[in-house]
Amino acid sequence: MTSIEAPTKACHNCRRQRLRCDRSYPHCNKCIAAGKECLGYGKLFRWTGAVASRGKLAGRTSSAPIDAPVDDSSRPHARSELNASSSTPSKSPSPLHGARREFPISPRSRAETPLADQLGAAAASTTDLAPEDAQLIPRPPSTDISVVGSPWVLVDPLFQDLEPSNRYYLSYFTQRLCKDLVSQDHPERNPFRTLLPLTRAHPLLQHIIVAASAAHMSNLVRASHAYSNDANQLLIASEVEEASGRAYRDALVAKHKALSLMRDAVRDVDSTGGDVILAAALFFINVELIESGKHGWKAHLEGAGRIMSLLQPALPGNEALRDYMLSDCFVYFILGSAFMPAAAFDTGSFFQPSQIPSILGRAAANSYLCCPPEILAILHAASQLSNASTDAHSEDEVRAAGLALIQRAQAFDIDVWANDVRNISYLQDAPIQSRIHAGSAHRLAACLYILQAIPSLSEMKGHDEVAESLSRDIFKHLSSIPEDDPNFKATTWPTFIVGAEATGRVRREWVMNRLRRLVVSCPWGFLYTAMDTLQVIWSLDGQNKGTRSWVQTLKDPKLNFLIV
């Protein structure tokens with residue numbers, strides 16, 4: 001037998017992700033361990049024979065030289081062909097060259113050129129495509145050519161069998177939705193993008209990510225029209241509703257498919273893989289939060305807890321993704337417990353308070369919430385005190401424990417926590433000042449929550465003065481974070497808490513206006529639920545509330561909402 005020489009270069013997967021390849025033949029062991037299909041070391045074949053329908057390459061097959069001059073006179077004909085066959089991409093430069101790329105509204109658009117062109121900006125991203133996203137969208141030949149023609153021609157054979165709509169939403173996931181899942185979005189450092197290669201081998205993961213992306217796009221289109229000040233995006237309401245509704249229907253179809261596949265997957269966790277099922281469970285929660293943040297999230301969170309108890313040690317290369325998934329599940333558990341009665345969660349031993357600092361600490365540096373793990377641990381302890389029975393604990397004991405939690409929160413050094421992020425190489429440019437403001441807002445909001453959640457504290461002398469002082473400081477920190485800051489999206493929870501305390505018209509209008517701007521920046525449906533819930537709290541001013549605080553009022557099991 002002839003000997004086989006070791007490959008001299010890394011495999012295609014490792015080269016794209018800039019990883020150290022072990023150069024095993026015929027397949028890289030690192031890819032196999034990560035559950036990815038190794039593309040090997042040879043040439044990658046691109047599918048040819050497709051005819052471009054728009055742009056400078058209109059009328060040419062994909063096998064033609066990409067730098068050959070093309071007569072621009074064919075463009076009008078290409079426009080009509082595209083409207084009759086596929087989606088309507090916008091006319092912006094390619095993000096592969098650092099410019100802004102605009103998405104079409106739906107892969108099923110038909111002759112909706114004005115709507116798609118204008119609404120494309122709502123779904124656009126200024127972030128360059130991740131290496132994984134380049135597998136879905138062809139690279140244009142030069143910087144002066146827009147992403148034209150059918151944008152769903154496949155470059156990577158791994159994705160050649162996917163439906164065009166799924167390729168569309170997976171691309172949207174890598175370019176837009178992934179940005180909401182971390183604080184600082186670096187294409188090669190966002191672990192959620194590593195889920196994309198797994199979607200080919202795991203339809204469960206593919207459909208639930210498609211569902212989350214479609215629901216996110218539906219909200220983004222509607223919010224951008226409702227709250228945008230840009231006259232170019234103020235379109236006819238019926239067209240906006242049609243585009244948004246089309247994406248939402250795609251989300252429901254994908255969600256239904258994912259639910260069916262999830263039932264089969266949980267019957268045999270070992271064959272599917274614990275990390276894949278946990279990722280699916282996490283995105284089921286995300287879908288519920290993107291839709292409204294009501295009811296359905298709790299069942300999926302309980303299911304995620306059970307999956308967590310079955311996980312085996314993470315494979316090499318998957319540690320970061322698992323850390324972020326576990327961290328998000330714990331964050332949802334803690335914030336969900338804040339407004340839930342004691343018996344509402346059937347979490348068993350899956351979420352242990354002692355695990356909170358270690359699990360949250362592994363992903364805290366780039367967590368989208370921008371809240372110190374220590375503050376979240378304090379918040380969870382306060383929610384347990386809020387539900388403590390007076391039969392098992394005396395009122396004085398509960399009051400003393402609550403005061404101790406407030407002192408513990410006030411003693412936490414936010415500046416040191418915020419500056420720790422500089423120890424991570426890819427976060428050297430993180431905005432430290434806004435991180436300090438966001439962390440401080442969460443700390444003060446936790447103190448304000450404790451004052452209102454523990455009944456014995458609300459009866460103490462000077463309670464109202466302390467609550468007013470905390471509210472003023474929260475407003476100050478929130479006002480210091482501009483909309484274009486990456487940490488702006490991390491301020492929802494403190495905004496809701498200080499809004500629940502707001503009594504004057506000016507403050508309430510400020511809170512509602514900020515929540516509307518948050519919807520445009522981060523179009524998750526739980527923000528609409530937060531606005532509706534604040535209206536309910538404010539309506540209690542003229543009613544006889546008795547001794548119940550607004551926190552106790554929100555613990556009605558019928559509400560069952562999650563705000564993050």
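These are my notebook entries on what I looked up in this predicted model.

**Entry 1: the chain as a whole**

I began with the secondary structure and found 23 helices and zero strands. I then looked up burial: of the 564 residues of the chain, 55% count as buried. I also took the contacts between residues at least 6 apart in sequence, and of these 70% join residues at least 24 apart.

**Entry 2: salt bridges**

How many salt bridges does the structure hold? I noted a total of 18. I looked up several of them in turn.

The side chain of Arg193 meets that of Asp185 in a salt bridge, with 2.8 Å from N to O. I asked whether Arg193 is buried or exposed. Arg193 has a relative accessibility of 0% and therefore counts as buried. Asp185 has a relative accessible area of 18%, which is under the 20% cut-off, so Asp185 is buried as well.

I turned next to Glu374 and Arg408, whose side chains form a salt bridge at 2.8 Å, N to O. Which parts of the chain does this pair tie together? Glu374 belongs to helix α14 (residues 373-386) and Arg408 to helix α15 (residues 395-411), so the salt bridge ties together parts that lie 34 residues apart in sequence. I recorded Glu374 as partly exposed, because its relative accessibility is 27%. Arg408 is also partly exposed, at 37%.

The pair of Arg517 and Glu483 was my next subject; the closest N and O atoms of this salt bridge are 3.1 Å apart. Arg517 sits in helix α21 (residues 505-521), while Glu483 is in the loop between α19 (463-479) and α20 (492-501). I noted that the pair links distant parts of the chain, 34 residues apart. Arg517 has a relative accessible area of 22% and so is partly exposed. Glu483, at 44% relative accessibility, counts as partly exposed too.

I closed this entry with a network of salt bridges, in which Lys255, Glu288 and Glu291 are linked.

**Entry 3: helices α20 and α21**

I looked up how α20 and α21 are placed relative to each other. Their axes come within 10 Å and cross at roughly 160 degrees. Because angles over 145 degrees count as roughly antiparallel, I recorded α20 as roughly antiparallel to α21. The crossing of α20 past α21 is left-handed.

Which residues make the contact? On α20 I listed Thr492, Thr495, Val498 and Gly499. On α21 the contact is made by Val511, Arg514, Leu515 and Leu518. I sorted the residues of this contact by character and obtained four nonpolar, three polar and one charged.

**Entry 4: Ala342**

Where is Ala342 found? I located Ala342 in the loop between α12 (319-337) and α13 (356-361). I recorded Ala342 as exposed, because its relative accessibility of 57% is over the 50% cut-off. I then compared Ala342 with Ser386: the two are 44 residues apart in sequence, and their C-alpha atoms are 8.8 Å apart in space.

Terms used:
Residues numbered from 1 in each chain as written. Predicted model: local features only at pLDDT ≥ 70, side-chain atom pairs only at ≥ 80, totals over all residues. Heavy atoms only, no water. Salt bridge = Lys/Arg side-chain N within 4 Å of Asp/Glu carboxyl O. Buried < 20%, exposed > 50% of the residue type's maximum accessible area, 1.4 Å probe, protein only. Helix = DSSP H or I, 4+ residues; strand = E, 2+ residues; numbered from the N terminus. Axes fitted to C-alpha atoms, helices over the stretch in contact; angles between N-to-C directions. Parallel < 35°, antiparallel > 145°, perpendicular 65-115°, else oblique. Left-handed = near helix turned anticlockwise from the far one by under 90°. Contact = heavy atoms within 4.5 Å. Nonpolar A, V, L, I, M, F, W, Y, C, P; charged D, E, K, R; others polar.
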